[in-house]
Amino acid sequence: MGRITIQRDGLTLVGDREEPFGEIYDMAILMHGFTSSRNTDLLKQIANNLRNENVASVRFDFNGHGESDGKFEDMTVVNEIEDGKAILDYVRTDPHVRNIFLIGHSQGGVVASMLAGLYPDIIKKVVLLAPAAQLKDDALKGSTRGATYNPDRIPANVPFGNKKLGGFYLRTAQVLPIYEIAQRYTGPASIIVGSKDEVVDPKYSKKYDEIYANSELHLIENADHSFTNEYKYQAAQLAADFVKPLF
């Protein structure tokens with residue numbers, strides 16, 4: 001495993017790269033969720049499973065998260081898509097990489113789905129784990145992960161635990177064309193969600209399955225939003241099996 005840094009508009013994004021065997025290989029870009037980091041148990045397990053299937057991976061911290069530059073209050077889904085594009089550019093210019101896959105959890109799933117919709121000619125497969133498309137409806141209602149606000153008069157920022165949630169994050173969330181952009185990707189997609197997801201209603205995963213041209217939906221009984229404990233092994237194996245080489 002090697003640490004990598006990538007520049008995006010003056011920000012340094014920090015990630016880890018896992019190498020498989022061989023000169024030519026497929027690579028997955030792994031994207032974490034809201035307030036999380038690249039080092040969740042789930043993403044590390046997925047990276048391990050991918051390596052076992054001889055698939056390379058890059059998992060990175062979005063701006064304002066983990067070790068990457070930026071303030072959390074300046075983070076938006078839109079600039080996370082820009083982060084993802086910077087990672088995609090890095091992977092695309094690697095002469096060893098054959099096929100590129102996107103794997104995203106929660107808000108990272110939304111980012112992965114929209115990035116694939118913007119680059120449907122480049123991305124070969126997509127895996128969404130508990131994709132948080134609910135973030136748009138939450139912003140329209142004025143309630144995001146326990147933070148409440150007037151959705152018609154969003155302030156500059158909203159207290160969010162020991163952080164501040166940016167008003168621009170919420171304003172852009174209200175108008176994100178999540179499914180409209182996502183469905184421009186028509187390649188193979190796998191959506192994985194827990195039946196006891198306490199953060200994002202599984203109906204948002206089911207809608208992805210409906211709008212995609214070529215998708216499969218996996219409902220893991222009793223798993224929560226983060227696929228905690230033994231459920232991370234099940235989710236990671238489903239993800240790795242979906243993108244592993246056919247030969």
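How do the residues of the lining of the largest pocket divide into nonpolar, polar and charged? The lining of that pocket holds 4 nonpolar, 10 polar and 4 charged residues. The structure described here is a predicted model. Its principal features, as set out below, are an open sheet of 8 strands, helices that lie across strands of that sheet, two hairpins, and several pockets and a cavity.

**The sheet**

- The sheet is open, and its 8 strands follow the order β1-β2-β4-β3-β5-β6-β11-β12, with mixed pairing.
- At its edges stand β1, residues 2-8, and β12, residues 215-220, each of which pairs on one side only.
- On average, and with direction ignored, neighbouring strands of the sheet are turned by 20° against each other.
- In general terms, the strands of a sheet are paired by hydrogen bonds of the backbone, in either a parallel or an antiparallel manner.
- The parallel sense is found between β5, residues 97-105, and β6, residues 123-129, which pair over 6 bridges.
- Within this pair, I100 is placed opposite I123 of β6.
- The antiparallel sense is found between β1 and β2, which are joined by 7 bridges.
- Here G2 is placed opposite R17 of β2.

**The hairpins**

- β1 and β2 form a hairpin in which 2 residues lie between the strands.
- In the turn of this hairpin, D9 has a positive phi of about 50°.
- Another hairpin is formed by β9 and β10, again with 2 residues between the strands.
- In the turn between β9 and β10, G161 has a positive phi of about 60°.
- Strand β9, residues 157-160, and strand β10, residues 163-166, run antiparallel and are joined by 4 bridges.
- The bridge partner of N157 in β10 is G166.

**The helices**

- Helix α1, residues 41-52, lies across β2 (11-18), β3 (25-31), β4 (56-60), β5 and β6.
- The direction of α1 is at about 175° to that of β3.
- Helix α8, residues 231-243, lies across β5, β6, β11 (189-194) and β12.
- With respect to β6, α8 runs at about 165°.
- Helix α2, residues 77-92, and helix α3, residues 107-118, cross at roughly 65°, and their axes come within 9 Å.
- This crossing of α2 and α3 is right-handed.
- On the α2 side, the contact involves V77, E80, I81, G84, K85 and L88.
- These residues meet Q107, V110, V111, M114, L115 and L118 of α3.
- By class, the contact of α2 with α3 comprises 8 nonpolar, 2 polar and 2 charged residues.

**The pockets**

- The largest pocket encloses about 240 Å³ of space.
- Its lining is made up of 18 residues, and those nearest its centre are S36, T40, H105, H225 and S226.
- The second largest pocket has a volume of about 160 Å³.
- Lining the second largest pocket are A133, K136, D137, L176, I178, Y179, E180, K203, Y204 and K207.
- Two or more residues of this lining are given by each of α4 (134-141), α6 (178-182) and α7 (203-211).
- By class, the lining of the second largest pocket has 5 nonpolar and 5 charged residues, with no polar residue.

**The cavity**

- Empty space among atoms is revealed when a probe the size of a water molecule is rolled over them.
- A search of the whole structure finds 1 cavity of 30 Å³ or more.
- The largest cavity has a volume of about 120 Å³.
- It is lined by 13 residues, of which A132, L135, D138, R145 and V199 are the closest to its centre.
- Helix α4 supplies the largest share of the lining of the largest cavity, namely 3 residues.
- This cavity lining divides into 6 nonpolar, 5 polar and 2 charged residues.
- Helix α4 thus appears in two settings: it gives residues to the lining of the second largest pocket and to the lining of the largest cavity.

Notes
Residues are numbered from 1 along each chain as its sequence is written. This is a predicted model: local features need pLDDT of at least 70, side-chain atom pairs count only at pLDDT 80 or more; totals for chains, interfaces and linings use all residues. Side-chain values use heavy atoms; hydrogens and water are left out. On a 1 Å grid over the protein atoms alone, a cavity is a set of points where a 1.4 Å probe fits but cannot get out, and a pocket is an open set with protein on both sides within 12 Å along at least five of seven lines; lining residues have an atom within 4 Å of a point. Grid points are joined across faces, edges and corners, and a volume is the space filled by probe spheres set on the points. Ala, Val, Leu, Ile, Met, Phe, Trp, Tyr, Cys and Pro count as nonpolar, Asp, Glu, Lys and Arg as charged, and the others, Gly among them, as polar. Axes are lines fitted to C-alpha atoms, for helices over the stretch in contact, and angles run from 0 to 180 degrees between N-to-C directions. A crossing is left-handed if the near helix is turned anticlockwise from the far one by less than a right angle, and right-handed if clockwise. Contact means heavy atoms within 4.5 Å. Two strands pair if DSSP finds at least two bridges between them.
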